[in-house]
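Visitor: Hello! Could you walk me through how the pieces of this protein model fit together?

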Amino acid sequence: MMAKFHDAHPEAAMHWTEGGPDYTSPDYLTDWAKWGRIFTDVLCNGCQSITGWNLALDEKGRPNLGPFPCGGVVTINSQSKEITRSGQYWAFAQFSRFIRKGARRFASQSSAPDVGHVALERPDGRRVLVLTNPAGTQTARLQMGKSLADIPLEENSVTTLVWS
C-alpha cells in the first residue's frame with residue numbers, strides 16, 4: 001500500500017513511525033534480521049525516514065501506555081540499571097550508522113529470494129547497500145557495471161557495504 005500511495009502521490013512525504021519490538025517475544029534480543037527487512041521494505045516503498053516507537057523502557061515494557069507489549073530500542077532494568085539492546089537496536093545501528101540525511105535510494109535487483117536489499121547514494125556521493133539475510137549462511141554476488149564481488153552473509157544477519 002505504501003508503494004501504491006507513493007506512486008499516486010510522489011510529492012507527498014512519507015515517514016514510517018511508531019514501530020517497536022514486542023519485549024515478550026523470545027527473539028526480542030536477536031530479531032535484527034526481521035527489523036532489517038522491515039526497514040528495507042519501508043525505504044524501498046517510498047518512506048523518507050524510520051522512527052522507532054520507544055527508545056528506552058524497563059523490563060516490563062513500562063512506561064508504555066498502549067495496549068501492546070512494546071519493548072524499547074533498549075531496555076533499562078529497573079533494579080540493576082543494566083542496559084540491554086534489542087534486535088531493533090542492532091538493525092537501526094546498521095542503517096543509521098551509514099545512511100545520511102538526504103540519501104537517495106537507487107534501483108537494485110536481486111535473484112536471492114530471501115535476501116532483502118536497499119541501495120542508497122549519500123549526499124557525499126558514497127553509496128550504501130544494506131543486505132538482510134534472515135535465512136542460512138549464503139553468498140551474495142554483487143554486480144555494479146563490470147565490477148563483481150562475492151559477499152559472504154551469515155545466517156540471520158544484516159550487512160552494510162559502503163563504497164565510493
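Guide: Happy to! Let's start with a term: contact means heavy atoms within 4.5 Å. This is a predicted model, where local features need pLDDT of at least 70, side-chain atom pairs count only at pLDDT 80 or more, and totals for chains, interfaces and linings use all residues. Residues are numbered from 1 along each chain as its sequence is written, and side-chain values use heavy atoms, leaving out hydrogens and water.

Visitor: Which strand does α3 run at about 5° to?

Guide: Angles here run from 0 to 180 degrees between N-to-C directions, with axes fitted to C-alpha atoms, for helices over the stretch in contact. Helices (H or I, at least four residues) and strands (E, at least two) are DSSP runs, numbered from the N terminus. Helix α3 lies across β7, β8 and β11, and the strand it follows at about 5° is β11.

Visitor: What is the order of the strands in the open sheet?

Guide: Two strands pair if DSSP finds at least two bridges between them. Seven bridges join β8 to β11, and three join β6 to β7. The pairing is antiparallel, and the order is β6-β7-β8-β11.

Visitor: Is α2 parallel or oblique to α3?

Guide: The axes of α2 (residues 32–44) and α3 (residues 87–98) come within 7 Å and cross at roughly 45°. Angles under 35 degrees count as roughly parallel, over 145 as roughly antiparallel, 65 to 115 as roughly perpendicular and the rest as oblique. Therefore α2 is, relative to α3, oblique.
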